[in-house]
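Good morning, and thank you for coming. I would like to take you through one model, beginning with a helix and ending with a pocket.

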Amino acid sequence: MTLTSGRSISHEYDRMIVRFSMHDGTREIPCAVSTSAMDYLERGPQVSPEQREAQFTRLRDRIEARAASKYRATEFEGTPPGIVLRGIDFRP
């Protein structure tokens, strides 16, 4: 099944991630992307913590596409199992 957009949950400053979710039908899949991965995608200066959610919104299509490919490859982490994206996930 194809993943679809879910909720943008929060920026967790202490963990340096942005949490979001995606859906596989009615099943919600927890996801996270590191702030360093988002900075890598924009190839610009690091943004302030207050700008992280806006940065996520700008990059959401690319982030969700990569999360979907990790989902198809069943690359889950954590409890409950979810998708975690790091800078290395976006490198060629």
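**The surroundings of helix H1**

Let me begin with what covers the buried residues of H1: the elements in contact with them include S1, S2, S3, H2 and S4. Contact here means heavy atoms within 4.5 Å. Helices (H or I, at least four residues) and strands (E, at least two) are DSSP runs, numbered from the N terminus.

Before going further, a word on the basis of these values. This is a predicted model, in which local features need pLDDT of at least 70 and side-chain atom pairs count only at pLDDT 80 or more, while totals for chains, interfaces and linings use all residues. Residues are numbered from 1 along each chain as its sequence is written, and side-chain values use heavy atoms, with hydrogens and water left out.

Which residues of H1 are buried? They are Thr35, Ala37, Met38, Asp39, Tyr40 and Leu41. By buried I mean under 20% relative accessible area; exposed is over 50%, and partly exposed is in between (1.4 Å probe, protein chains only). Helix H1 spans residues 35–42, and because 6 of its 8 residues are buried, it is largely enclosed by the rest of the structure. Just after H1, arginine 43 takes a positive phi of about 50 degrees.

**Aromatic pairs**

I turn now to the rings. A pair of aromatic rings is described by the distance of the centres and the angle of the planes. Rings of Phe, Tyr and Trp (its six-membered ring) pair if their centres lie within 6.5 Å; planes under 30 degrees apart count as stacked, over 60 as edge-to-face and the rest as tilted.

The structure holds 2 such pairs. One of them joins phenylalanine 20 and phenylalanine 56, with 5.1 Å from centre to centre and 45 degrees between the planes, a tilted arrangement. This pair links distant parts of the chain, since phenylalanine 20 belongs to strand S2 and phenylalanine 56 to helix H2, 36 residues apart. Both phenylalanine 20 and phenylalanine 56 are buried.

In the other pair, the ring centres of tyrosine 71 and phenylalanine 76 are 5.5 Å apart and the planes stand at 90 degrees, so the pair is edge-to-face. Tyrosine 71 counts as buried, at 10% relative accessibility, whereas phenylalanine 76, at 29%, counts as partly exposed. Phenylalanine 76 sits in the loop between H2 and S4. Leaving aside residues up to four places away in sequence, phenylalanine 76 touches Tyr71, Pro81, Gly82 and Ile83. Its C-alpha is 9.9 Å from that of isoleucine 29, although the two residues are 47 apart in sequence.

**Salt bridges**

Side chains of opposite charge can pair when their charged atoms come close. The rule applied is a side-chain nitrogen of Lys or Arg within 4 Å of a carboxyl oxygen of Asp or Glu. How many salt bridges does this rule give? The count is 9.

Arginine 7 and glutamate 28 form one, at 3.0 Å from N to O. It connects distant parts of the chain, with arginine 7 in strand S1 and glutamate 28 in strand S3, 21 residues apart. Arginine 7 is partly exposed at 44% relative accessibility, and glutamate 28 is partly exposed at 37%.

Buried or exposed: which describes aspartate 89 and lysine 70? Both are buried. Their side chains meet in a salt bridge at 3.3 Å, N to O. Aspartate 89 lies in the segment after S4 and lysine 70 in helix H2 (residues 52–72), so the pair ties together parts that are 19 residues apart in sequence.

Arginine 86 and glutamate 77 form a further salt bridge, their closest N and O atoms being 2.9 Å apart. Arginine 86 is partly exposed, with a relative accessible area of 38%, as is glutamate 77, with 31%. Finally, Glu12, Arg15 and Arg19 are linked in a network of salt bridges.

**The largest pocket**

Two residues of that network, Arg15 and Arg19, are also among those closest to the centre of the largest pocket, together with Pro30, Cys31 and Ala32. The volume of this pocket is about 280 Å³, and 19 residues line it. A pocket is an open set of points on a 1 Å grid over the protein atoms alone, where a 1.4 Å probe fits, with protein on both sides within 12 Å along at least five of seven lines; lining residues have an atom within 4 Å of a point. Strands S1 (4–12), S2 (17–24), S3 (27–34) and S4 (83–85) each supply at least two residues of the lining, and S3 gives the most, with 5 residues.

Definitions and conventions:
Grid points are joined across faces, edges and corners, and a volume is the space filled by probe spheres set on the points.
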